[in-house]
Amino acid sequence: MTLQAMVNEAASLYPDRKAIWFDECNGKPPTFYTYATVVKIAVELTAFLQKHCDLRGKCEIGLYCYPGINLPSWILGILQVPAAYSPVDPDVSPILTTYFMKKCNLQYILVENDKINKFKISHEGWFYHSSSTIEHIGLTLFQISWSNADTGSQLANVKSKYEPFKAMGNLQPHYIVCPDQLEVKTSERGYMDVGQKYSLAYVLHTSGTTGIPKIVRVPHKCIVPNIQHLKSIFEITQDDMLFLASPLTFDPSVVELFIALTSGASLLIVPNTIKMMPVKLSAALFHQHHVTVLQSTPTLLRRFGAHIIKSTVLSANTSLRVLALGGEAFPVLNLLKSWKHKENKTSIFNLYGITEVSSWATCYKIPEEVFSADFRSDSPVPLGSPLLGTAVEVRDTSGSAVLEGEGQIFIGGEERICFLDDEITVPSGTMRGTGDFVRVQDAKMVFLGRKDNQIKRHGKRFNMECLQQTAEDLCQVEACAVTWYQQEKLILFVVPKDNFEERETFKELQKRLPTHAIPDELVLIEALPLTSHGKVDMSELNKIYHNHLNSRRRDSKLSGAEKLWERLQYLWKSVLGLLDDSTEISKDSVFLYSGGDSLKALRFYEEIEILVGRAVPGLLEVILSCSVEEVYTHILKTLFPSEDHLMNCDNVVKRKLSEDNGEEFCGKYVKLKSEQSFEVAPGLISFIALSRGNRLFSMNSSKSFPQPNDTVQVGMERRQQPSFLHLLSPSVRKSQEQEYGMEKSRSLPVTNKANKIDAFSVHPSFAECSSGTMAELALCIRWKSNTRRCVDASPLVIIPFTDEVSASVYVGSHSHTMQAIDLDLGEIKWERNLGDRIESSACVSKCGNFIVVGCYDGLVYVLQSSDGEIHWTFVTEDAVKSSAVVDPSTGLVYVGSHDQHVYALDIYKKACIWKIHCEGGAVFSSPCLSFFPHHLYVATLGGLLLAVNPATGNKTWKSSLGKPLFSSPHCNEKYVYVGCVDGSLYCFTHSGEKVWQFSTNGPVFSSPCISSLTKQEIFFGSHDCFIYCCNMEAVSTDGKVWILNAKSGTAEGVDKLPGEVFSSPVVWGTKLVVGCRNDYVYCLDLYKTGKKEQL
């Protein structure tokens, strides 16, 4: 059975019935053709083509036209040659149409007579052609010769245009995303051959929205079952009026055309321009022609607007009997219910399919009870059951069938086969991957979204359609779309209703969505741009946002300091989510202290550079360490260096200082005099010091490291040196039924061949373990100490080798205080007030008598470890957030400052031995000392990694990574490692050669840590919420403290602290000490669950 045979059969039954209506909607009466007239014109065209075309081999004839009264006759005339018709859209780029025609190797093309000039101009010089005209039918036949056509560059242009989509497909490499990926099942019938005589019905190309456009050749055997089954499902009769909503280049047009013309029903055609006019279109469809069956994309339906949909399309007395929506994600039920009048009787269907297996694959009728008031409106809409002759399978990433759970859809069937691009034969039963993902639940498939729409943002993966559907559900949103602009910004485009308020919309989204799904920006538009297929045009949306950015840059030209201050306050509030706060920002406000974090700081930095229209050197470190007024002043110095309205920094920042410690002011920095002279004690203290990353520092003892009595030994095995890294995630999916439900883990090898590291993201599981394993470990609070402000610094733990002095924890906080706390009892031994916030982690001197810590007031403090008395202060020229490191051989202390210098200090002689400038970048992280070779490694916010001679301060080598380095470098005897906000961990040799670069899906702020067991493994965390080659203890910024198995990476336990955690944990035996942003330092005990038995 062929399409033309089915039409001729209907025409013989209903020759005098009106088959085609064409309405120009210009006040003139519409024209119509009966079935007899349609067939008569088709027969004449068939005879003309048979006379002028060489019919040897397979025959495909192009059709270059707009929709009109003759269109069905033209298509039928081509089919009866017999030949396949290949629609070419006159409004599509000539580069793409030439690519299509050349790829199809079209020898003939029919051009509508009034489009001949457009056709010739668009394709001038690309190929030679001769023509023959059949005037009364309105077409001219062009014969094409490609032999002398130089179209190579044009075809290359088409491919290069779609390269970005190939990159998008690599967001999650282990998923199958290629739509033409094949699963071959060869049946006894063997193969389908594209060259089989008279087998093809039409030739299309895919839209290119998910990659380079593909040529799709569709046999009659593939599409006829679709027509037959949908006619039955929609209960089509000769009394129905259908609308040709889809363009000829979109395969649903075939369904619209032939469902009508094979049933004796009527088909309404209007000009393309009318489809863009909602009021005129709705009047033509429902008031004048009383359309009963409408097939449409959801976006095309939304173009009517909520008012017309409610009052006309889905009103109580509408003519519409069937509404079939497909080609895009089905609208949320809440929205559909708001559109549909309670007395409306329209049957609504969800259609799903892909052009590569033309046209529809599944169909689902929305039950009437869904629209009742008591039905759950948040229920997902299934894709439905397979259509006649169609096989649908859901498979996981390994290719196994999914009966319950998530997977990719594959579509095929014995005869539901199309030929893609240059395919000549395809095995019967071939299944094609769609790139679409579903969840199978109770034998029903629920659409999750295209793989292309899955993005990873702020370390979390989600589908952009989730944001779109949530926004659509808001009463103030008429229509919307979402783009991932340049894979950096999540942009929500909104067609607003009259009552739209941007702030209220953001508030509602924040209530309904996780933070990683909240858009970066909301852009108002009058209407959603559409492709020729009636889908949202994403490339056009990106152009709109690009123009929006350019407009912002033009509009943001600053007239002076006052305008800058006003705009800076707005950006500050916007990034921090404080737009509802009408109060002016305090000039002393510090970004990180006002609810900001490193990610928000990066966004604030980007917004400022957009605002001022240029780069502002050193801005990021100023945002992170200074007040908003200092940020403002820094920008002013860049923008208006010669203006006299610049503020004097000495008058800007005033710091609270203690009244009893002999303070002297020096500009905005403070130098403190010691209350008493202090001599270094001649006796040395033997001790072990533990700092962040569990770095062990043992001094003044010939003993081996003591193993505390309470050291955990449960389920531990001696580690073998691994030959590959494991990627592990501590992220937890919560549900009402199970607090911690996690996916099964697996690990994949990561090699550094060709200086490149590839990785896959893997989720661990809570293992089901026996009673003797580490899966029964947990944490409980041993003690906590109130520091009165956030604790971002990591603790320093010192364990003396003498029983006379107890082990101590040293930690500073934002309250300006440094505390010494008894490790066992949690009692405060001493507390010392310093000049400003403390984020620097302390280090201990070689002798053990002193604690060294940096401060926001620009000072490096040397405190007596026994009572906190100030021994010495060293003045730098900016805040000291860097944690000092001690050279155990010389006793020198190395520390960085935001003044872009690194210092070598002799705390006994109270002298600076040397200082070096780090070439334009503040030093936020801690230096790293290597003994073999003797190097000091320094990372800067300017993106430099420096190797320095610790004795002289001379630079040995440097490497620029291009992005800020918050991570502290770490090294072993072979390599140096450092993390970067570009999402990578870098590995260098000690001579400065890059060995490999390991990429994650989020910025790397954490410092790498080398395994103390094997000395070979490197541990680090990323903002993609993954820990790579995990340490035994891990802390995430959401306040969870994780216990991870160092061998397998499985999560053995977790405890939640009542605040965010930026501090790194330090572990001694079963005690874990960590700071929290709820103002407390915590000491946690490790114990066995169930028995509450400490280990």
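Let me start with the open sheet of four strands, which has the order 44-45-46-47 with antiparallel pairing, where strands are DSSP runs of E of at least two residues and helices are runs of H or I of at least four, both numbered from the N terminus, and where two strands pair if DSSP finds at least two bridges between them. Strand 44 (885-886) and strand 47 (911-917) stand at the edges with a single partner strand each, so one side of each is left without a neighbour in the sheet. Strand 46 (residues 901-906) runs antiparallel to strand 47 and is joined to it by six bridges, and one of the residues involved is Leu 905, whose bridge partner in strand 47 is Cys 912.

Before going on, I should say that this is a predicted model, in which local features need pLDDT of at least 70 and side-chain atom pairs count only at pLDDT 80 or more, while totals for chains, interfaces and linings use all residues. Residues are numbered from 1 along each chain as its sequence is written, and side-chain values use heavy atoms, with hydrogens and water left out.

As for the protein overall, the secondary structure comes to 22 helices and 65 strands, and buried residues make up 58% of the 1095 residues, buried meaning under 20% relative accessible area, exposed over 50%, and partly exposed in between, with a 1.4 Å probe and protein chains only. Taking contact to mean heavy atoms within 4.5 Å, among contacts between residues at least 6 apart in sequence, 59% join residues at least 24 apart.

Next, strand 49. All five of the five residues of strand 49 (residues 935-939) are buried, so this strand is largely enclosed by the rest of the structure. Both of its faces are covered, with His 935, Tyr 937 and Ala 939 buried on one side and Leu 936 and Val 938 buried on the other. What does strand 49 pair with on the side of strand 48 (residues 928-930)? Three bridges join strand 48 to strand 49, antiparallel, Ser 930 having His 935 as its bridge partner, and the two strands form a hairpin with four residues between them. Strand 50 (residues 944-948) is likewise antiparallel to strand 49, joined by four bridges, with Tyr 937 opposite Ala 947; this hairpin has four residues between its strands, and Gly 943 in the turn has a positive phi of about 90°.Tyr 937 also leads to the aromatic rings, since ring pairs link Tyr 937, Trp 957, Tyr 986 and Phe 988 into a cluster. Here rings of Phe, Tyr and Trp (its six-membered ring) pair if their centres lie within 6.5 Å, and planes under 30 degrees apart count as stacked, over 60 as edge-to-face and the rest as tilted. By this rule the count comes to 25 aromatic pairs. One of them is formed by Phe 119 and Phe 142, a tilted pair at 5.3 Å centre to centre with 45° between the planes, and this pair links distant parts of the chain, Phe 119 being in helix 5 (residues 116-122) and Phe 142 in strand 7 (residues 139-145), 23 residues apart. Phe 119 counts as buried at 1% relative accessibility, and Phe 142 is buried too, with a relative accessible area of 2%. In another pair, the rings of Trp 572 and Phe 591 have their centres 5.5 Å apart and their planes at 90°, so this pair is edge-to-face. Trp 572 lies in helix 18 and Phe 591 in the loop between helix 18 and helix 19, so the pair ties together parts that are 19 residues apart in sequence; Trp 572 and Phe 591 are both buried.

Gly 596 is found in that loop, between helix 18 (561-576) and helix 19 (598-612), and counts as buried at 2% relative accessibility. Leaving aside neighbours within four places in sequence, which residues is Gly 596 in contact with? They are Leu 576, Phe 591 and Arg 1077. The C-alpha atoms of Gly 596 and Leu 624 are separated by 8.9 Å, the two residues being 28 apart along the chain.

Let me close with the nonpolar cores, a core being a set of buried Ala, Val, Leu, Ile, Met, Phe, Trp, Tyr and Cys residues joined through side-chain atoms within 4.5 Å. The largest has 73 residues, and those with the most contacts inside it are Leu 49, Leu 63 and Phe 258. Helix 2 (residues 35-52) gives the most to this core, with eight residues. Not counting residues up to four places away in sequence, Leu 49 touches Ile 61, Gly 77, Ile 78, Val 81, Leu 110 and Leu 141. Apart from this core lies another, of 38 residues, among them Leu 268, Phe 330, Leu 335 and Val 370.
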